[in-house]
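This briefing covers the surroundings of a bound ligand and of the metal ions beside the protein chain. Please read it with the structure open.

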Amino acid sequence: MTGSPTTSVLRTGAALRAGAQTPRLEGGATPDVPLDVSLDVEAAARANLTAAVLRAQRRFADCADLAALAEEVVDEIQSAGYGRVLLLETVARSRHRELEVLASRGEAAPVRGRRTTGADLARTAPAAVVELVAGDPRAPRLAVWGAPAPGSAPLDLLAGAAGAAWCAVRAARDARRSAADLAAAQQLLSGAVRLAGLGSWSWDPATGRFTLDDRLRDVLGLDPAEPDPDLATWRERVHPDDRGPFTSVGDPAARTGGASVPYPFRVRCADGSERTFLGTSVPLDTSRSGVVQGLVLDLASGDRSTGELVRLAQCDSLTGLANRAVLDVRLDEALRTATPTSAVALVLLDLDRFKLVNDTLGHQIGDALLRQIAVRLQQAAPAGSTLARLGGDEFVLMVPGVDRPESAAVMAHNLIRRLRAPVLLPGLPEPFVCTSSAGIAVGHEGSGDELFRSADMALYRAKDAGRDRVAVYDSAMRDDAQARREAEHKVRRALRTDGLRVVWQPIVDLRDERLVAAEALVRLQDPVEGLLEPKAFVDTAEDTGLIVDVDTWVLGEVLRQLNEWRTGGNGLQVSFNVSGKTLEHPAFAHRLAHSVESTGAAGSSLLCEVTERTLIDLSTSTRASLGELRSVGARVGLDDFGTGYSSLSYLDRFPLSFLKIDMSFVRPLGTSRRAAAVVEALISLAHAHGMVVTAEGVETREQARMLRDMGCDRAQGWLFGRPVAAGLLPLAR
Ligand code: C2E
Ligand code: MG
Ligand code: MG
């Protein structure tokens, strides 16, 4: 970094200022000499000084390199009368003593004459040491011995002039070096481009020139004498449908970031034929020149099949729809021309529970379904839109020219309605029904990435609200996403810093209200917000997959506590909640089985609560985990029964030992006869399946009495105890 070319005096000898003294007049003043003659003399002296400094400046400015400059500086200062002058090119900042040390090591080298030895310097201390460029350790310092001649320019002014020249010469040298480096790099690059059989172009916004390299000119059959085109002429050569990337070249906003995604484009050759290339553009040196360079691969060359390469570059191989690369280019292009009344809609479509299709029916059927979905979407996609598959079961429709978000919503509803219609899949005896969810964002400014993020938030909302629906992005979703990010951060931190806790809620036998079990409920001890309940973080932990770690941690606590109670002679059962995501990880069940076997914990005391959602999405790995839990004696039961799903068919999917009736059914007991009838029916249904029934959320005596009369086996709720630390459970009941 270059410092300002001012000087600073590190040590000033008595002689330093001597040269700046005003020369005295020899002899007395004559009577016709004006009275203010001393002022004239001072002015003349000042003029002399100025002239001396200017002369030095000119002398230094003529130097072509640093060595020549050093010679001139030493010479100029010596001619100001100093006995000895040294330019010290050491890096360390030095006071006089250090200077001596440096010199004795031979590091303080004089620029001219013989090498100064430590002995030379030690003999007499310099009168002054001055930095040529204050604060710049790369700039040399000046050491002088002796006193200046009368009337000579002061040392700090001369050193200042030398410092300014030194900065200028160094800047010129650095510029020469980087120009040489750049030229070498360009040579290397063009060599690599030639070797790879690529052509290249570059566009310089400063000159407007669009330069084609020899290979590209050759392929296009351009006459060597023909000048390079400008950007507009080049665009005209490119097929109208493929001009997007060359339109964005001229747009500073589009010039941020790295290389573009590869885009195929067709160009008219000199003989009128058309040639297809695969191109990519890279902004060079974005901050300064704005030059853009492009590399192009001639798809007609070698043994590559043009059609195949274009297809590979543009298409998703499974469905033949556009791929992400093409979508990105078209989206950027659409956004550039969009207006508030002709905006761009991005519809993200995701099949609901597609993973289950792959898991249960196999990947071939999954692929066949995706292909059929693609065909349906293509039939419904409006003209001018781009339909792409991003991978998996994620599809995107990009529609330009949309007037209002509502129009996009109508279109999306239409799409998911079409997708909902039964599909005939090879190998399946019956038509298959698959629903989907859509997230929409409509915009006319900002980047394609931002629009994607917004549509993604809307899709999340659609899924979260129960799937098979459409959600349009609004700014509240951004706050929501922010809250989820914060919750995620809290969970990660809690996992890292031992910030999770378990509280226990009593479960009683309804016949005698004896404590028979306790449910482990997780809490998060946040350093700022205190003890958080699951509603503040469990959903986010589910979405991010962190729930696996949370459940695993809770399981550790559950097993530890179970052993402690056992050792204390207490036969309490322990109930714990496990997310479907956790059960998909075989490690969870393995760990549980291993712990039970190795610690001798009573597996039969474990009650594992799963949700209806887990049974509906039952994958092979989840089923295996549940099987493993059962094999060590743990009982698997259904939590929150009655919420969400009307079909009970999933009850037969896995042998369940118990069922917990959700508190929403329990709460109206005593006030609604209908509710009582429903609960009674649920209890009979569970008993018919051989399950033990627990009622959740029992808060009143009346509810407890009614449940007992209906034959409900167990109850949990504030009436019998809130969730508390293990030590506070009324174990002796
Ligand atoms: P859940 O498993 O149904 O747990 C019962 C919830 O009802 C608990 O809420 C409990 O405090 C609350 N509750 C119990 N009795 C009453 C009552 O009489 N009145 C009212 N109003 N509420 C009562 P909590 O602790 O906030 O847990 C909420 C949910 O978080 C749990 O519902 C469970 O689904 C989930 N959860 C808790 N711990 C874990 C865990 O370790 N892993 C997983 N995956 N989920 C957990
Ligand atoms: Mg539970
Ligand atoms: Mg529950």
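The points below describe the ligand shell and then the two metal sites.

The model is predicted. Ligand 1 is surrounded by 23 residues. Two magnesium ions, ligand 2 and ligand 3, lie 4.0 Å apart and are bridged by Asp639.

**Shell around ligand 1**

- Asp551, Asn577, Asp639, Glu699 and Trp718 are the closest of the surrounding residues.
- By class, the shell holds nine nonpolar, nine charged and five polar residues.
- Two or more shell residues come from each of β16 (514-526), α17 (547-567) and β20 (635-641).
- Strand β16 gives the largest share, with four residues.

**Polar contacts and burial of ligand 1**

- The side chain of Asp551 places an N or O atom 2.7 Å from a nitrogen atom of ligand 1.
- Asp639 has a polar side-chain atom 2.8 Å from an oxygen atom of ligand 1.
- For Asp640, a polar side-chain atom is 2.9 Å from an oxygen atom of ligand 1.
- The protein buries 84% of the 800 Å² that ligand 1 exposes when taken alone.

**Magnesium ion, ligand 2**

- The coordinating atoms come from Glu519 (OE), Asn577 (OD1), Glu609 (OE) and Asp639 (OD), at 2.0 to 2.2 Å.
- Along the sequence, these donor residues follow the spacing E-x57-N-x31-E-x29-D.
- Distant parts of the chain are linked here: Glu519 belongs to strand β16 and Asp639 to strand β20, and the pair is 120 residues apart.
- Glu519 counts as buried because its relative accessibility is 3%, where the limit for buried is under 20%.

**Magnesium ion, ligand 3**

- Asp639 (OD), Asp640 (OD) and Glu696, the last listed with two OE donors, coordinate this ion at 2.0 to 2.7 Å.
- The spacing of the donors along the chain is D-D-x55-E.

**Asp639 and Asp640**

- Asp639 coordinates both magnesium ions, and a polar atom of the Asp639 side chain is also 2.8 Å from an oxygen atom of ligand 1.
- Asp640 is a donor to the magnesium ion (ligand 3), and the Asp640 side chain has a polar atom 2.9 Å from an oxygen atom of ligand 1.
- Are these two residues buried or partly exposed? Asp639, at 6% relative accessibility, counts as buried, whereas Asp640, with a relative accessible area of 28%, is partly exposed.
- The two labels follow because buried means under 20% and partly exposed lies between that limit and over 50%, the range for exposed.

Terms used: Residues numbered from 1 in each chain as written. Chains lettered and ligands numbered in written order. Predicted model: local features only at pLDDT ≥ 70, side-chain atom pairs only at ≥ 80, totals over all residues. Heavy atoms only, no water. Near = heavy atom within 4 Å. Polar contact = N/O pair within 3.5 Å; in protein donor to acceptor, adjacent residues only side chain to side chain. Areas by Shrake-Rupley, 256 points an atom, 1.4 Å probe, with all protein chains shown as cover. Nonpolar A, V, L, I, M, F, W, Y, C, P; charged D, E, K, R; others polar. Donors = N, O, S within 2.8 Å, 3.2 Å for Na, K, Ca; no water. Buried < 20%, exposed > 50% of the residue type's maximum accessible area, 1.4 Å probe, protein only.
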